[in-house]
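Biologist: Could you take me through this model? I would like short answers with the cut-offs spelled out.

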Amino acid sequence: MELSSNSKAIPQLSVPEQEIDRYSINGWLAKVLYTIAVVGPLVALAYAIKQLWQHQVYAIDIALLVGMYMFTATGITVGFHRYLTHRAFKTRNWLKILLLAMGSMAIEGPALTWASTHLEHHARADKDGDPHSPIEGFFHAHVGWIIDGFRPNSNKYGDWLREDRIVMFITRTFWFWVFLTFFIPYLVDGWRGVLWGGLVRVALVHHVTWSVNSVCHVFGKRPFKTGDRSTNNWLVGLLAGGEGWHNNHHAFQRSAFHGLYWWQLDLSGLFIRFLEIFKVVDEVQRVSPELIRKRLRESAAAVTGQNSRPATE
Ligand SMILES: [Zn+2]
Ligand SMILES: [Zn+2]
């Protein structure tokens with residue numbers, strides 16, 4: 001299926017209104033807890049690097065780290081982001097449950113909260129009210145907004161998901177998936193598994209995901225004029241399974257593929273293609289080459305127009 005327009009298909013996005021209780025759980029206790037949740041995995045990462053330095057790392061540690069990273073990062077990029085939030089494809093219930101469980105195991109918040117926050121981001125990208133714009137500082141965009149206890153308006157942005165029983169089941173059982181994300185590596189490798197396949201992996205998945213919000217709104221190229229500061233950054237594209245082609249994504253939000261050319265490596269897109277070949281997903285959203293060329297021409301013309309304006313304007 002090909003997209004006819006870039007971003008008009010998601011409901012609830014028009015005329016964003018300013019919310020009052022955006023940081024309603026930002027009491028000092030909540031801030032301390034969020035800080036521990038953010039700093040804790042980093043402390044574990046530092047300890048793991050020390051172990052690596054002392055050659056106290058084994059193949060099973062690395063296998064758990066890579067395996068759990070791929071599993072939960074795919075849950076975020078393919079499950080929470082492209083499937084749940086942007087409806088880039090349709091799938092069977094069993095795969096839907098699996099993808100949403102995998103996303104929950106990344107510990108980036110419950111499915112409903114994640115999707116609502118992300119829709120608020122697209123609705124107000126780099127404008128007043130964006131949950132995590134670097135306009136308020138790079139640190140704020142990366143992690144400060146989480147420590148501040150940002151809470152999305154899921155009544156407005158996640159309203160359409162509240163009627164979905166599977167989404168609400170996975171959302172309500174969030175803490176079970178958090179338990180499982182540490183229990184699985186524990187079963188395989190005991191407390192070393194919790195360190196490498198649990199905490200170190202959580203630290204890496206978190207900061208790579210958050211780099212899409214921070215780095216990919218500051219550093220990189222902007223081939224498409226999208227009315228925000230989103231960029232294409234190849235390094236984040238590589239680490240975050242294709243999510244670093246973020247300017248492409250802001251231009252064509254429902255597209256299942258964020259890499260639009262063969263050289264824009266998009267592992268999540270390749271995975272969706274793989275699922276499509278095996279017929280477990282369908283109605284995969286694509287952007288036609290004509291539409292890409294049209295948007296590029298328009299963007300280039302807009303830049304030329306800006307540059308040729310008289311200096312006094
Ligand atoms: Zn998005
Ligand atoms: Zn963005």
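The questions below go from the core to a helix pair and then to two loops.

Modeller: This is a predicted model, in which local features need pLDDT of at least 70, side-chain atom pairs count only at pLDDT 80 or more, and totals for chains, interfaces and linings use all residues. Residues are numbered from 1 along each chain as its sequence is written, and chains are lettered from A and ligands numbered from 1 in the order in which they are written.

Biologist: Which helix supplies the largest share of the largest nonpolar core?

Modeller: A nonpolar core is a set of buried Ala, Val, Leu, Ile, Met, Phe, Trp, Tyr and Cys residues joined through C-beta atoms within 7 Å. The largest one here has 53 residues, and Leu-84, Phe-89 and Val-200 are among those with the most contacts inside it. Helices that each supply at least two residues include helix 2 (59-85), helix 3 (93-104) and helix 9 (174-214), helices being DSSP runs of H or I with at least four residues, numbered from the N terminus. The largest share, eleven residues, comes from helix 9.

Biologist: Is Ala-203 buried or exposed?

Modeller: Ala-203 lies in helix 9. Leaving aside neighbours within four places in sequence, it contacts Pro-41, Leu-42, Ala-44 and Leu-45 (contact: C-beta atoms, placed from the backbone, within 7 Å). The cut-offs are 20 or more other C-beta atoms within 10 Å for buried, 12 or fewer for exposed, and partly exposed in between. Ala-203 has 20, so it is buried.

Biologist: How are helix 2 and helix 3 oriented to each other?

Modeller: They pack at an angle of about 120°, with axes 7 Å apart. Axes are lines fitted to C-alpha atoms over the stretch in contact, and angles run from 0 to 180 degrees between N-to-C directions. Under 35 degrees is roughly parallel, over 145 roughly antiparallel, 65 to 115 roughly perpendicular, and the rest oblique. Helix 2 and helix 3 are therefore oblique.

Biologist: Where is Ile-107 found?

Modeller: Ile-107 has a positive phi of about 55° although it is not a glycine. With 18 other C-beta atoms within 10 Å, it is partly exposed. Its place is the loop between helix 3 and helix 4.

Biologist: Does Lys-279 count as buried or exposed?

Modeller: Lys-279 also is not a glycine, yet has a positive phi of about 60°. It sits in the loop between helix 12 (267-277) and strand 2 (281-282), a strand being a DSSP run of E with at least two residues. With 8 C-beta neighbours inside 10 Å, Lys-279 counts as exposed.

Technical notes: Contact = placed C-beta atoms within 7 Å.
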